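Colleague: I should like to learn how a helix packing and a nonpolar core are read from a model. May we take one case together?

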Amino acid sequence: MRTRFLGRLAFVGIALAVITVGAPIVSATADPEPTLKELTEEVENLYIEIETLTEEYNGEKIRLKEAERAAQLAKTTLTKSEADLEERRRKASLFAQNSYMTGGAATAFGLMGSADPDRYLDIASTTYALQLQTGEEVLQVEKAMETAKRARAGAKARQDEVAKLIKSIDTRQDKIRRLIKKTEGSLYRQVAGKVSRATRLSLPVVGDGKAAQAVRWALTQQLKPYVWGAEGPNSYDCSGLVMAAYQRVGISLPHYTGDQWTAGTHIKREDLRPGDLVFFYNDLHHVGMYIGGGYMVHAPRTGDVVRVAAIGNRPFAGAVRIAD
């Protein structure tokens, strides 16, 4: 028995040794880098997500204003009801004091001693009716006050709810903006070492809308010379390039940065998308077209050519969206 047990133990030991020695060694390999197409699609999906959130944010801002108006109206109604109640209570108090002063036990004696009992009864019944009416009015105002208080509490609760939702949307927007920045960074990393030179760069442009088509066309104009007042096809100045690019997609823009600044919707820097116009300097004398990843295509100055550049190299003044 002992021999058989030792034999089994030896067999298990050999089997474990074979498994340990013979097992293939699995090396830790990094996940494959996403392709250019995958990165482009990821950025586009993030753009769609933040655009959806932005519209949700805009809708909630409108609802917040409505809730604020409702709260203000309820507050005004309550204040009026409180003042009305105070006035009616004052009148009721005066009426009660007067009834006490002229009524009570004296009422019966007055009835017995009255020369005209019918007239006295008329006065008494009228007085009683007024007393009932005053009491009913006070009750009605008290009910109105309760309704106004509930309305105010409901409006305040709605305000708090919407404000909380807006804060949540803000947080989500910030998170997506960071993701866009990170993903675009990966998408345009290849550009970083080349933008300082006048080199034709082939860059991915996210989207299929008119704005993306316009900036995609502008990239085909790279290395054409800057000429003041030129609007193509062989040379451009900064606003001339923008005008020509949007003209290609059926959108007419003026050949002047000041007018281009007012030609669309102003957007935040963190919400830039391909094709948006980016303006520089306090007097807005320079404009480019955003590509993505912090880069633009523009016609810089005399002696230079149309090329890609980082938007951080100039004092940023603002951005305008001409089309989706």
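Modeller: The discussion below goes from the whole chain to one helix pair and then to the cores.

Modeller: This is a predicted model, in which local features need pLDDT of at least 70 and side-chain atom pairs count only at pLDDT 80 or more, while totals for chains, interfaces and linings use all residues. Residues are numbered from 1 along each chain as its sequence is written, and side-chain values use heavy atoms, with hydrogens and water left out.

Colleague: What does the secondary structure of the protein chain come to?

Modeller: Helices (H or I, at least four residues) and strands (E, at least two) are DSSP runs, numbered from the N terminus. Here there are 7 helices and 6 strands, in the order α-α-α-α-α-α-α-β-β-β-β-β-β along the sequence.

Colleague: How are two packed helices described?

Modeller: One gives the angle between their axes and the distance between the axes. Axes are lines fitted to C-alpha atoms, for helices over the stretch in contact, with angles from 0 to 180 degrees between N-to-C directions. In this model, the axes of α5 (residues 210-219) and α6 (residues 238-247) come within 8 Å and cross at roughly 125 degrees. That angle makes α5 oblique to α6; oblique is what remains outside under 35 degrees (roughly parallel), over 145 (roughly antiparallel) and 65 to 115 (roughly perpendicular).

Colleague: Which residues of α5 and α6 meet?

Modeller: With contact meaning heavy atoms within 4.5 Å, Ala-211, Ala-214, Trp-217 and Ala-218 in α5 meet Leu-241, Ala-244, Ala-245 and Tyr-246 in α6. The residues of this contact divide into 8 nonpolar, no polar and no charged.

Colleague: How many residues of α5 are buried?

Modeller: Buried means under 20% relative accessible area, with a 1.4 Å probe and protein chains only. By that criterion, 7 of the 10 residues of α5 are buried, including Ala-212, Val-215 and Leu-219. Their cover includes α6, β3 (286-292), β4 (295-298) and β5 (307-310).

Colleague: Where does the largest nonpolar core draw its residues from?

Modeller: In soluble globular proteins, nonpolar side chains tend to be buried together. A nonpolar core is a set of buried Ala, Val, Leu, Ile, Met, Phe, Trp, Tyr and Cys residues joined through side-chain atoms within 4.5 Å. The largest one here has 38 residues, and those with the most contacts inside it are Tyr-246, Leu-277, Met-289, Ile-291 and Val-297. At least two residues each come from α5, α6, β2 (277-280), β3, β4 and β5, and α5 gives the largest share, 7 residues. Apart from this core lies another, of 9 residues, among them Ile-267, Val-278, Tyr-290 and Ala-309.

Technical notes: Nonpolar A, V, L, I, M, F, W, Y, C, P; charged D, E, K, R; others polar. Buried < 20%, exposed > 50% of the residue type's maximum accessible area, 1.4 Å probe, protein only.
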